[in-house]
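Hi everyone, and thanks for coming. I'd like to walk you through a structure that is new to most of us, so please have a look at the screen.

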Amino acid sequence: MEQSIFFKLFGGVSQDGFSWMVDFDEVLLELARWLLPIGICLLAEGVCIEKWRKIEPLSRCRYGTVKIWWRQKFGRSLLYGILAAAILLLSAIVFDIINAAGISGEVWKASLLWSAHIMTIMSFFLVLDLTKLRKLAPAIVLLLEGVTFLVGFQSMKTARFMYGMWGMYFQSTWHYSETGVSVLSSLTADGVMMVLGYLAGRVLLERTTQSEQR
């Protein structure tokens with residue numbers, strides 16, 4: 001599993017935060033590898049958003065209401081991001097097959113956790129794109145991911161509350177059955193955060209529209 005490019009990119013940090021033998025240089029290296037595919041997905045979603053922005057005035061008129069327009073934009077942008085994520089996952093699996101690294105039965109578990117988490121990350125990115133922090137959105141999202149992971153890793157008792165820990169297979173109970181972050185809790189939290197992101201975006205748009213009409 002250590003030689004698998006899939007788990008290097010999508011498994012998360014493999015170090016045990018409860019261990020006294022933690023190699024923090026390795027933790028930072030594994031965290032950087034974890035953030036790499038996330039950054040690629042954000043880039044893909046950013047390209048999608050820029051294309052959507054060019055036709056934004058026309059699309060708002062077409063869909064009639066802000067709610068319908070936001071639902072379409074949120075769904076379509078998220079879809080492009082998910083497709084980019086799927087391409088990355090499959091590419092890593094194919095790479096491992098070609099290089100005879102072996103495909104573990106745990107691949108589907110890591111894929112599920114990472115896919116759910118990347119959807120949450122992208123929904124948060126979409127909300128930030130509606131604010132004045134739009135240009136800083138990718139940096140903010142990646143920083144939030146990295147900082148919350150490091151906080152949770154330094155104090156594993158708080159890990160289940162830390163956003164950056166949720167999508168990592170190596171930090172989950174599927175890998176560390178006794179001390180890992182609950183899989184059910186992390187998937188539920190990601191789902192709730194994604195819904196909240198959608199609702200927050202709708203509220204922001206409605207307020208912006210009201211202020212423009214005054």
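Let me begin with a small puzzle: where does Val 13 lie? Val 13 sits in the loop that runs between helix H1, residues 5–10, and H2. I'll come back to that residue in a moment, but let me give you the overall picture before that.

Please keep in mind that this is a predicted model. The protein chain has 7 helices and 0 strands, so if you follow along the sequence you read the pattern α-α-α-α-α-α-α. Of the 214 residues in the protein chain, 43% are buried. The chain exposes about 11,700 Å², and carbon and sulfur atoms supply 66% of that area. Now look at the contacts in the chain with a separation of 6 or more: 68% of them are accounted for by residues 24 or more positions apart.

Back to our loop residue, then. Is Val 13 buried or exposed? Val 13 has a relative accessible area of 0%, and therefore counts as buried. What is Val 13 in contact with, once we leave aside its neighbours within four places in sequence? The partners of Val 13 are Val 27, Glu 30, Leu 31, Phe 149, Phe 153, Met 168, Phe 170 and Gln 171. There is also a C-alpha distance to try on your own screen: Val 13 and Glu 26 are 13 residues apart along the chain, and their C-alpha atoms are separated by 8.5 Å.

Now for the helices and how they pack. Let's take H2, residues 24–54, together with H4, residues 66–98: their axes come within 9 Å and cross at roughly 145 degrees. The crossing of H2 and H4 is right-handed. On the H2 side, the contact includes Pro 37, Ile 40, Cys 41 and Trp 52, while among the H4 residues taking part are Trp 69, Arg 76, Tyr 80 and Leu 88. Sorted by class, the residues where H2 meets H4 come out as 12 nonpolar, 3 polar and 3 charged.

H4 also packs against H5. The axes of H4 and H5 come within 10 Å, again with a crossing of roughly 145 degrees, and H4 passes H5 in a right-handed crossing. From H4, the contact involves residues including Trp 70, Phe 74, Leu 78 and Ile 93; from H5, Val 107, Trp 114, Met 119 and Leu 126 are among them. How many charged residues are there in the contact of H4 with H5? There are none: the contact has 13 nonpolar and 5 polar residues.

The next pair is H5, residues 107–128, with H6, residues 137–154, which pack at an angle of about 140 degrees with their axes 9 Å apart. That angle is why H5 is described as oblique to H6. The crossing of H5 and H6 is right-handed. His 117, Ile 121, Phe 124, Phe 125 and Leu 128 from H5 meet Ala 137, Pro 138, Ile 140, Val 141, Leu 144 and Glu 145 from H6. By class, the contact of H5 with H6 has 9 nonpolar, 1 polar and 1 charged residues.

Let me finish with two individual residues. One is Ile 38, which has its place in helix H2. Ile 38 has 1% relative accessibility, so it counts as buried. Not counting its neighbours within four places in sequence, Ile 38 is in contact with Trp 114, Ile 118, Ile 121, Leu 142 and Glu 145. The C-alpha atoms of Ile 38 and Phe 10 are separated by 9.4 Å, and these two residues are 28 apart along the chain.

The other is Asp 190, found in helix H7, residues 183–213. Is Asp 190 buried or exposed? Its relative accessibility is 1%, so Asp 190 counts as buried. Setting aside residues up to four places away in sequence, Asp 190 touches Ala 116, His 117, Thr 120 and Trp 166. Asp 190 and Ile 121 are 69 residues apart along the chain, with their C-alpha atoms separated by 8.8 Å.

Thanks for listening, everyone!

Technical notes
Residues numbered from 1 in each chain as written. Predicted model: local features only at pLDDT ≥ 70, side-chain atom pairs only at ≥ 80, totals over all residues. Heavy atoms only, no water. Axes fitted to C-alpha atoms, helices over the stretch in contact; angles between N-to-C directions. Helix = DSSP H or I, 4+ residues; strand = E, 2+ residues; numbered from the N terminus. Parallel < 35°, antiparallel > 145°, perpendicular 65-115°, else oblique. Left-handed = near helix turned anticlockwise from the far one by under 90°. Contact = heavy atoms within 4.5 Å. Nonpolar A, V, L, I, M, F, W, Y, C, P; charged D, E, K, R; others polar. Buried < 20%, exposed > 50% of the residue type's maximum accessible area, 1.4 Å probe, protein only. Areas by Shrake-Rupley, 256 points an atom, 1.4 Å probe, with all protein chains shown as cover.
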